[in-house]
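Okay, thanks for coming, everyone. I'll put the model up and then walk through it piece by piece.

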Amino acid sequence: MAVFPAKKFRGAADTNTFAARYRAMMARHPFLMFGLPFMSIIVAGSFVLTPATAVRYEKHDRRVRQMTREEELGVGKGGRRVNIKDEYYRLAAKDLDDWEQKRVKRLPGEHDGVL
């Protein structure tokens, strides 16, 4: 069985390319050529993504805001009074056996799910 050499064969055409020089530098200084750029990208990405997450939480805070005491008192005023017995009899009087299934109208271009 043949013995393969540990070093790969590099032709004369490959000796002056950027890839060959990078490969040689990588063998001598692996941290400077791979580790440092990798860690720099991770740290820079953290700084770049921080404003994006801040926008997300600011949007959430605009949607969910704290109500004042006056708003709290006025929230339930406009509705009708609910009596549990009246609601029970109203639902019991409905005919639940006579119904028809209807499809929801889809938006234009939306897949309707019909095979």
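One cut-off before I start: a residue counts as exposed when its relative accessible area is over 50%, as buried when that area is under 20%, and as partly exposed in between. Keep that in mind for Gly-78, which has a relative accessible area of 76% and so is exposed. And please remember throughout that this is a predicted model.

So where does Gly-78 sit? It's in the loop between α3, residues 69–74, and α4, residues 84–92. Gly-79 is in the loop between α3 and α4 as well, and at 53% relative accessible area Gly-79 is exposed too, because the cut-off is 50%. If you want distances from this loop, Gly-78 and Arg-56 are 22 residues apart in sequence, and their C-alpha atoms are 33 Å apart in space. For Gly-79 and Met-39, 40 residues apart along the chain, the C-alpha separation is 59 Å.

Let me zoom out to the whole chain. The protein has 4 helices and 0 strands, so to speak just α-α-α-α when you read along the sequence. What about the radius of gyration? A compact globule of 115 residues would come in near 13 Å, but this protein has 35 Å. The C-alpha trace spans about 95 × 50 × 35 Å along its principal axes. Buried residues make up 3% of the 115 residues. The accessible surface comes to about 12,200 Å², and 62% of that belongs to carbon and sulfur atoms.

On confidence: the mean pLDDT of the protein is 84, with 97% of its residues reaching 70 or more. Which helix does worst, and which does best? Confidence is lowest in α3, with a mean of 74, and highest in α4, at 92.

Staying with α4, then. How many salt bridges does a search of the whole structure find? The count is 1. That salt bridge is between Glu-87 and Arg-90, and the closest N and O atoms are 2.8 Å apart. The two residues are 3 apart in helix α4, so about one helical turn separates them. Now, buried or exposed for Glu-87? Glu-87 counts as buried, because its relative accessibility is 16% and the cut-off is 20%. Its partner Arg-90 is partly exposed, with a relative accessible area of 41%.

Next, the aromatics. The search of the whole structure finds 3 aromatic pairs, and I'll show two of them, Phe-34 with Phe-38 and Tyr-88 with Tyr-89. Phe-34 and Phe-38 are stacked, at 6.2 Å centre to centre with 5° between the planes. Both of those phenylalanines lie in helix α2, residues 30–63, and they are 4 residues apart, about one turn of the helix. Tyr-88 and Tyr-89 are edge-to-face, at 5.4 Å centre to centre with 65° between the planes. Both of these tyrosines are exposed.

Phe-34 and Phe-38 come back in another feature, a nonpolar patch on the surface. Its full membership is Phe-18, Tyr-22, Phe-31, Leu-32, Phe-34, Leu-36, Phe-38, Met-39 and Ile-42, with about 970 Å² of accessible area together. Which helices supply at least two residues each? Those are α1, residues 18–28, and α2. Helix α2 gives the most, with 7 residues, and Leu-32 is one of the patch residues placed in that helix. Met-39, which I used for the distance to Gly-79, belongs to this patch too.

Last stop, the segment before α1, which is where you'll find Lys-7. Lys-7 is exposed, because its relative accessible area is 73% and the cut-off is 50%. Lys-7 and Pro-37 are 30 residues apart in sequence and 27 Å apart in space, C-alpha to C-alpha.

To wrap up, here's what I'd keep in mind: a predicted model with 4 helices, a radius of gyration of 35 Å, 1 salt bridge, and a nonpolar patch that α2 gives the most to. Okay, over to you.

Note on methods
Residues numbered from 1 in each chain as written. Predicted model: local features only at pLDDT ≥ 70, side-chain atom pairs only at ≥ 80, totals over all residues. Heavy atoms only, no water. Phe/Tyr/Trp six-rings, centres within 6.5 Å; stacked < 30°, edge-to-face > 60°. Buried < 20%, exposed > 50% of the residue type's maximum accessible area, 1.4 Å probe, protein only. Salt bridge = Lys/Arg side-chain N within 4 Å of Asp/Glu carboxyl O. Patch = residues over 30% accessible without salt bridge, like charges linked within 9 Å, V, L, I, M, F, W, Y side chains within 5 Å. Areas by Shrake-Rupley, 256 points an atom, 1.4 Å probe, with all protein chains shown as cover. Rg over C-alpha atoms; globule rule 2.2 N^0.38 Å. pLDDT = per-residue confidence, 0-100.
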